[in-house]
Amino acid sequence: MKRTLLALILSVTACGPTATDGPDDSLPPPVDDYVLSKPGLVAVAPGRIALGDTVEVIGSAFVPTEHGSVALRLTGTFIDDRGDEAHYDAELPLAYVNPAVAEAEFGPNVIFSPTGDRVGTFHGEARIVNRHGEDELASDPIDVALEVLPSLVLEHLRSVDASNCSTVTRATVAGQNLAFGVRAIGLGTASPSNPWTFRMHFQAPTLKAQFVRDEWYNSWPAQPTAIGTTADGFHTLETRVTTGASLYVDPSVQEQVYTVSPPARIAQGEQSRVKLYSIKTGPVEGYASSNTANIFVELETASGATATRSVRLDVWNEGQILPYNGRTRVVERFEAQLVSACFAGGDIGRDLTYTEGQSETRTRSMSFRWDTNTALSLGLQVGTGFTSPIQFGVNTSATWSQTFGVDVSEAITTERHTGQNLTAHILPSYFGACYRQTEQVERSVGIIYHNACGASGNVGDAVLTDWNWGFDIATGPECAPPTNLPPGEVF
């Protein structure tokens, strides 16, 4: 510990120790005094829906998400395109939009059909159900008729770079090769006399595709000499199917020819008819944000029948840093240090001012605390210390500095913490002395890990170790007078 050089100057300013404790994290959460109301139901629209469409519910007094949940209960009979009947009585969870509107995506399969893949018409009653804690209130019923149109069932949407992913995932991470597939229902099957045309639309660089020339290769995946990559903008892949009712896209195992728009630039030429070499998720800029990769699929049969499906995939960096809440926790308060001689008040008294002549310097530092069980459940191996196995997609030091609002590797000094001169008056025959106290504090933010299969969890905290100082000028009848600063303590 370095000593400080002190100056004596005349002043009349009072002084005292500084405080550094942040908000009390132990306070109980606020009581939710929301009063549940009986909802009203006016309409369920549209009356003709396909898989992937948005079902919109119009009514009144829907419970907001922060206070509970709202659902659409449907009770009735579904008659499919073969004439088979099935009773249906279940709830469709809704997303709150405002007190009069809630919505849900229809799917992933035909909820009315026991097999999930039959089109037809549902006739029955609908009610809105509001829930708040253990309380529940339902609306009066209304009659509804919902026709399920020919649709595309989403059967594949996953990373093929990661093992054991579900066939359909709603999220992944940047830079993953994808498999994508849909199956048509309500339209029969394709044949040489009834060919189907599938068109897949997407935007680069949220999704990035690579192409090779439409020529013969000894093996697949090929090792081509020339590869074309999609430029930023909208792109369309079109292919024809003459058997079955499905489109499956996985260039890591399947060699398939597509017509592309705009044409792909391969080597020095532009090609409209190519083979798809890869399709993968693009980069994500920022450590707290995500991209949404949208794929819009169109099916058109030779007879003119159509079906469409819009699919979204959330794309994250592996690591997501939660916002800093501004709280500071004291880890250790060191014993106050006497940093001056003992000054006498003399016969008429005098003023003693604390000024930093030679300061103490400490350096901020970063470390991590990991939840090993949660991390292992997501396939992440974690350890201790500064090294992080997570890629945040940005410069590490700049990331943490931006998160905490300070330079996390900066050396800080007591001179910057005194702020203003501290002065005390020493009475005649009394003594005065100056003290400084060091506090080690922590600021922390949560870290979310996203894996390639769409699972995520809070796997730990990034911890910034920082330093504060308290200052005091003590006076009293003895030399040296005791400080007013609190005793040292480990918290």
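In the predicted model, strand β26 and strand β30 (residues 422–426) pair in the antiparallel sense, and five bridges connect them. Within this pairing, Arg 350 of β26 is placed opposite Ile 426 in β30. Strand β26 spans residues 350–354, and because four of its five residues are buried, the strand is largely enclosed by the rest of the structure. Strands of a sheet pair through backbone hydrogen bonds, and the pairing may be either parallel or antiparallel.

A further set of nine strands forms an open sheet, in which the order is β11-β21-β20-β13-β16-β18-β19-β14-β15 and the pairing is mixed. The edges of this sheet are occupied by β11 (171–173) and β15 (228–229), each of which pairs on one side only. Strands β18 and β19 run antiparallel and are joined by six bridges, and Arg 265 stands opposite Glu 270 in β19. The loop between β18 (257–266) and β19 (269–281) contains Ala 267, a residue that has a positive phi of about 55° although it is not a glycine. With a relative accessible area of 40%, Ala 267 is partly exposed.

A positive phi is also found at Ala 61, where the value is near 60° in a residue other than glycine. This alanine belongs to the loop between β3 (54–60) and β4 (69–80), and its relative accessible area of 30% makes Ala 61 partly exposed.

Turning to the cysteines, the structure holds two disulfides, a disulfide being a covalent bond between the sulfur atoms of two cysteines. When the bonded cysteines are counted along the chain, the disulfides follow the pattern 1-3, 2-4. One disulfide is formed by Cys 165 and Cys 453, whose sulfur atoms are 1.9 Å apart, and this link is left-handed, with -80° about the S-S bond. Cys 165 lies in the loop between β10 (151–159) and β11, whereas Cys 453 lies in the loop between β31 (431–450) and β32, so the pair ties together parts that are 288 residues apart in sequence. The two partners fall into separate accessibility classes: Cys 165, at 14% relative accessibility, counts as buried, while Cys 453, at 22%, counts as partly exposed.

The other disulfide joins Cys 342 and Cys 479, with the sulfur atoms 2.1 Å apart. This pair likewise links distant parts of the chain, since Cys 342 is located in the loop between β24 (337–338) and β25 (343–344) and Cys 479 in the loop between β32 and β33, 137 residues apart. Cys 342 is partly exposed, its relative accessible area being 25%. A further cysteine, Cys 434, has a relative accessible area of 0% and is buried.

The disulfide partner Cys 479 also takes part in a cis peptide bond, which joins Cys 479 to Ala 480 with an omega of about 0°. Ala 480 is found in the loop between β32 (456–476) and β33 (489–490). Another cis peptide bond connects Ala 45 and Pro 46, and here omega is about -5°. Pro 46 is situated in the loop between β1 (40–45) and β2 (48–49).

How values were computed. Residues numbered from 1 in each chain as written. Predicted model: local features only at pLDDT ≥ 70, side-chain atom pairs only at ≥ 80, totals over all residues. Heavy atoms only, no water. Helix = DSSP H or I, 4+ residues; strand = E, 2+ residues; numbered from the N terminus. Buried < 20%, exposed > 50% of the residue type's maximum accessible area, 1.4 Å probe, protein only. Pairing = 2+ DSSP bridges. Disulfide = S-S within 2.5 Å.
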